[in-house]
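Ready to find your way around a new model? Here are a few exercises, each with a worked solution.

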Amino acid sequence: DIGDKLNFICILDNKGEVLFRTKIPNNKAAMKEYFDGIEKASIVIEAGSHSPWIEKLLVAIGHNVFVCNPRELAAVTQNIKKSDKKDPEVLAGMLLTGKHLLKQVHHASEGAMRDFLLIKSRRALVKCRTILINNSRGVVKTFGERISPGLTADAFHKYAGDSLKEETLEKIEDLVEVIGKTTEQILKYEKNIEALIKSKYPAAQLLQSINGVGPLTALAYVLTIDDPKRFEKSRTVGVFLGLVPRRDQSGDIDKQLPISKAGSKLLRSLLLNCANFILSEKGEDNQIKRFGLKIRGDGTSKSKVNKAKVAVARKLSVIMHQLWISNKPFASILGKKVDTNKGLEIT
């Protein structure tokens, strides 16, 4: 059971009897010292912030490591006697007798995870900038003034003061300056992402052949999926990213539930943004857009609009996987056969 400071360990024999319990500090030196000193074993851990490096360390030592999805572990999360001491025993017991109940998690390569830091860092800066911009707009309203609502986030620091009195601008000038520096850093990250794609990830360039899919989403997709061949069917990518409805069926009851929201929240959010663009007037008229518009209808129903966005995002995740596997660009052709040597048409 992995904690931020301490890891709790429970060792079972082949019959499920507890042989030993202990706890050790959660750092590389302590983990290596302990697991170097025990017999090679099958080890189960939950996926989390520390699980990637722990899995790599234990595998290097020679242990057989199984990383499981904590969302699928009701026996742990809903245990009425849940504790740091009890959790590893339950995990070990499930690995021994009910391995089929555990859902294994695939960790991306270390290089992919390091490259993903570019996307995560940019995302953090965007969130900070949004908070600062909203704060700037809010504080000036006290004096009956407004910053132009038409300003984009990238242009905010340049023109925010145009509609303000000089004495008001003086009070938030430092704040606007920070917004400007944050924007500069965001743009720098975006250039680095584009350069990384060109130098290292040709698959991400290929995925951008779909109108509405930009460098950020393409790279996030490639780094999250890591190995496209681990999905036997492209449709399962939508499930992996939490873009399919949950289900709660029993007897005659079969509830209509929202999407599961499993997998990468960041990538799911990016795909939904792409779907929003595709369904807008700016989106290219292609088979993906028409698929979404058919679900959306006339756009007066908010629920249908949301369903259309999710459906298009899910379809994008499937199409992007097919493009990656086939190594062919997306063919935006309607009602025509596609030359398989030139592109791939998804219907």
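**Exercise 1.** Find which residues Ile119 is in contact with, leaving aside its neighbours within four places in sequence.

*Solution.* Start at Ile119 and look for contacts, meaning heavy atoms within 4.5 Å. Skipping neighbours within four places in sequence, you get Ile193, Leu216, Leu219, Ala220, Leu223 and Leu266. A word on what you're looking at: this is a predicted model, where local features need pLDDT of at least 70 and side-chain atom pairs count only at pLDDT 80 or more, while totals for chains, interfaces and linings use all residues. Residues are numbered from 1 along each chain as its sequence is written, and side-chain values use heavy atoms, with hydrogens and water left out.

**Exercise 2.** Place Ile119 in the largest nonpolar core, and say which element gives the most to this core.

*Solution.* A nonpolar core is a set of buried Ala, Val, Leu, Ile, Met, Phe, Trp, Tyr and Cys residues joined through side-chain atoms within 4.5 Å; buried means under 20% relative accessible area with a 1.4 Å probe, protein chains only. The largest one has 47 residues, and Ile119 is among those with the most contacts inside it, along with Ile210, Tyr221 and Leu316. Next, check the elements: helices H5, H7, H8, H9, H11 and H13 each give two or more residues. (Helices are DSSP runs of H or I, at least four residues, and strands are runs of E, at least two, numbered from the N terminus.) H13 gives the most, with nine residues. Finally, there's a second, separate core of 13 residues, which includes Tyr34, Ile43, Leu57 and Ile61.

**Exercise 3.** Work out which elements cover the buried residues of H5.

*Solution.* First list some buried residues of H5: among them are Ala112, Asp115, Phe116, Ile119 and Arg122. Their cover includes H6, H7, H9 and H11.

**Exercise 4.** Describe the lining of the largest pocket.

*Solution.* On a 1 Å grid over the protein atoms alone, a pocket is an open set of points where a 1.4 Å probe fits, with protein on both sides within 12 Å along at least five of seven lines; lining residues have an atom within 4 Å of a point. Here 47 residues line the largest pocket, and Val105, His106, His107, Ala108 and Phe240 lie nearest its centre. H5 turns up again, giving the most to this lining with nine residues.

Technical notes:
Buried < 20%, exposed > 50% of the residue type's maximum accessible area, 1.4 Å probe, protein only.
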